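Let's take a walk through this model together, one region at a time. Keep the sequence and the 3D view side by side as you read.

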Amino acid sequence: MDSNPINLPRDHSSSPCIGIDLGTTNSVVAIWQNGGVHVIANDLGHNTTPSIVYYDPKTNRKTVGNMAKIRLNRFPKSTLYGVKRMIGQKFQHSWREEFNYEIEPDLDDNPLIVLDESTKIRPEEVSAQILIKMKGIAESYLQQPVKKAVITVPAYFNDGQRSATKAAARIAGLDVVRMINEPTAACLCYGLNQLETSSYVLVYDLGGGTLDVSLLSLNQGLFEVLATNGDCHLGGEDFDLELMNYY
């Protein structure tokens, strides 16, 4: 629930705070600049960066984004994608069919991604690599270090999933100033926080990995999520998979 007034920052010249949409399929980083939101392009000039991490089994070097995506077919066991679907959750056997890489439960039934016999990592560590990439994109653009971030999360995320996202941010060296529900962020994008009258808004978020719908109450800059629902397996990637299976 985002039940406090949302005031966008006006001056981050001394201590920049970035906004990150940590997505299932793609991620985006932006900065408040010159009275508006500026989406920062990555090193290839793209506004979106694939949420994919490739771990080189020989050097343990990590590659994130577009260069990791092109390795997905050649190195399926060490190219990690869709990790947002499992972050902060207990192990599910269905994941073994959903993902190309190996996943196993630890003693507490939390998921571990198996890269090889001696290397097992948690989903938070993978998400941290994506956040490090987004942080680096922002620092290259701003030409100064970035330590603070606002991160968006699905409205249906429970406390465990939100805590795990914050843990990933800490690993990435980021202080999470605020976590905003994704439908609330969408309302802010369209300036609905400027409305003087009270209203209800139904927000559909059709992403690469999920489809969410949320009913929000807006009251003079106050946002409250009244109801939310979604399907973690009804995003763009799932459309592709269904088409592939059909044909």
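The strands named here are DSSP runs of at least two residues, labelled E and numbered from the N terminus. With that in hand, we can place Val203 in strand E13, which covers residues 199-206. Do keep in mind that this is a predicted model.

Let's stay with Val203 for a moment. Is Val203 buried or exposed? Its relative accessibility is 10%, so Val203 counts as buried, the cut-off for that class being under 20%. Leaving aside residues up to four places away in sequence, the side of the story told by contacts is this: Val203 touches Pro183, Ala186, Cys187, Asp212, Val213, Ser214 and Leu216. You can also look from Val203 towards Ala227, 24 residues apart from it along the chain; their C-alpha atoms are separated by 11 Å.

A second buried residue can be found in strand E6, residues 62-64, where Thr63 sits. Thr63 has 17% relative accessibility and therefore counts as buried. Its contacts, again not counting residues up to four places away in sequence, are Ile52, Val53, Tyr54, Ala68 and Arg71.

Now turn to an open sheet of three strands, in the order E8-E9-E10 and with antiparallel pairing. At its edges are strand E8 (102-105) and strand E10 (119-121), each of which pairs on one side only. Ignoring direction, neighbouring strands of this sheet are turned by 40° against each other on average. In general, strands of a sheet pair through backbone hydrogen bonds, either parallel or antiparallel. Here, four bridges join E8 to strand E9 (residues 111-116) in the antiparallel sense. To see one of the bridges, find Ile103 and look across to its partner in E9, Ile113.

The loop between E8 and E9 holds Asp109. The phi of Asp109 is positive, near 70°, although the residue is not a glycine. With a relative accessible area of 35%, Asp109 is partly exposed. Another residue other than glycine with a positive phi is Gln143, whose value is near 60°. Gln143 belongs to the loop between H3 and E11, and its relative accessible area of 66% makes it exposed.

That brings us to helix H4, residues 159-171. Why does the distance between its ends agree with its number of residues? At 1.5 Å a residue, the 13 residues of H4 should span 18 Å, and the end C-alpha atoms are indeed 18 Å apart. Within H4, the buried residues are Gln161, Arg162, Ala164, Thr165, Ala168 and Ala169. They cover an arc of only 160° around the axis, so they lie on the same side of H4. Asp159 and Arg170, on the other side of H4, are exposed.

What do the buried residues of H4 pack against? Their partners are helix H3 (123-142), strand E11 (148-153) and strand E12 (175-181).

Finally, have a look at the two ends of this helix. Asn158 caps the N-terminal end of H4, with a side-chain oxygen 3.0 Å from the backbone nitrogen of Gly160. After H4 comes Gly173, which has a positive phi, near 80°.

Conventions:
Residues are numbered from 1 along each chain as its sequence is written. Side-chain values use heavy atoms; hydrogens and water are left out. The expected span of a helix is 1.5 Å times one less than its number of residues. Buried means under 20% relative accessible area, exposed over 50%, partly exposed in between (1.4 Å probe, protein chains only). The arc is that of the directions from the helix axis to the C-beta atoms. Contact means heavy atoms within 4.5 Å. A polar contact is a pair of N or O atoms within 3.5 Å; within protein, one must be able to donate a hydrogen and the other to accept it, and residues adjacent in sequence count only if both atoms are side-chain atoms. Two strands pair if DSSP finds at least two bridges between them. Axes are lines fitted to C-alpha atoms, for helices over the stretch in contact, and angles run from 0 to 180 degrees between N-to-C directions.
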